[in-house]
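User: I have a model open and want to know what stands behind the labels. Take me through the reasoning.

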Amino acid sequence: VSHKKLTADEMLKALDNGNSLYTLQTDHEHEARMQFQFRKNRGNTQFYFYALPTIVFQHSTMHYERGTMLDTLYHRNTALPKLQANFSIYPDKNPWPWHVKLEYKFNTYAPNMTYLADYRDDSNPLYITKGNRNLRNNQVHYYALHFTRNMKNQKTLYTKIDGNIRPNMVAMGYVYDAKTGVKTVTPQNINGNWDMSGYLYY
């Protein structure tokens, strides 16, 4: 079996520019946060509140190159708010006979910058893909309720109910033209994603 070494010119001729993609992304982030704590004793019960609001300032640069058809530079400046908070109630005893905790977290994520590229791929005329520069930031809301009961003989009952709500998640949506048979696919923000779970340990 003989093998022929390809020259650079021969490899360039074999390159499919329409399906060849090069990206280089650089992110710079600056974060600002504040911490709040509040504790109050009322009778034999302790109340505790904690919050950590955060905002991330993100500057992103992406060099996007697709063969000889598109070679451009994208810039994005965005602010990503975040929050961690919890509220607890428990007796003023040590160890605690019981403990109730309500927890909340909020996170924001910027979508993948390659989805924002202003590009139309019609190499398959019946399946066209496009970018979407109007994508919004993804969000995740996390909720949890914890309950702990310390009983005799070193036994513990623990239960937890938690869930997530995810607005503006990115999914690939499409529009189908029944007359031409062409399907046009673009990344889109969708709502309605959520989940919930429960745990019981003894």
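User: Which residue in S11 does tyrosine 174 stand opposite?

Analyst: Valine 185. Keep in mind that this is a predicted model.

User: How do you know that S10 and S11 pair?

Analyst: Pairing takes at least two bridges between two strands. Strand S10 (residues 169–177) and strand S11 (residues 182–190) are joined by nine bridges. Therefore they count as paired. They run antiparallel.

User: What links S10 and S11, and which residue in the turn has a positive phi?

Analyst: The two strands form a hairpin with four residues between them. Glycine 181, in the turn, has a phi of about 80°.

User: Where does asparagine 168 lie, and what is its phi?

Analyst: Asparagine 168 sits in the loop between S9 and S10. Its phi is positive, about 60°, although it is not a glycine. Most residues other than glycine have a negative phi.

User: Why is asparagine 168 called buried?

Analyst: The cut-off for buried is under 20% relative accessible area. Asparagine 168 has 11%, so it is buried.

User: Why is tyrosine 143 called partly exposed?

Analyst: Tyrosine 143 is in strand S8. Its relative accessible area is 40%. Buried needs under 20% and exposed needs over 50%. The value falls in between, so tyrosine 143 is partly exposed.

User: What makes tyrosine 143 eligible for a nonpolar patch?

Analyst: Patch residues need over 30% relative accessible area and no salt bridge. Tyrosine 143 has 40%, so it passes the area cut-off. It belongs to a nonpolar surface patch of about 1,000 Å², whose members include Phe38, Leu145, Ile161 and Trp194.

User: Which strands each supply at least two residues of the nonpolar patch?

Analyst: Strand S8 (138–150), strand S9 (156–166) and strand S12 (193–201).

User: What makes up the largest nonpolar core?

Analyst: Nine residues: Met62, Tyr64, Leu70, Tyr74, Met113, Leu116, Ala117, Tyr119 and Leu135. Strand S3 (45–66) and strand S4 (70–91) each supply at least two of them. Core members must be buried and joined through side-chain atoms within 4.5 Å.

User: What does tyrosine 64 touch?

Analyst: Residues up to four places away in sequence are not counted. Its contacts include Leu70, Tyr74, Ala117 and Tyr119. Leu21, Tyr22 and Thr23 are also among them.

User: And the chain overall: how many helices and strands are there, and what share of the residues is buried?

Analyst: The protein chain has one helix and 12 strands. From the N terminus on, the helix comes ahead of the strands. Buried residues make up 28% of the 202 residues.

Note on methods:
Residues numbered from 1 in each chain as written. Predicted model: local features only at pLDDT ≥ 70, side-chain atom pairs only at ≥ 80, totals over all residues. Heavy atoms only, no water. Buried < 20%, exposed > 50% of the residue type's maximum accessible area, 1.4 Å probe, protein only. Patch = residues over 30% accessible without salt bridge, like charges linked within 9 Å, V, L, I, M, F, W, Y side chains within 5 Å. Areas by Shrake-Rupley, 256 points an atom, 1.4 Å probe, with all protein chains shown as cover. Salt bridge = Lys/Arg side-chain N within 4 Å of Asp/Glu carboxyl O. Contact = heavy atoms within 4.5 Å.
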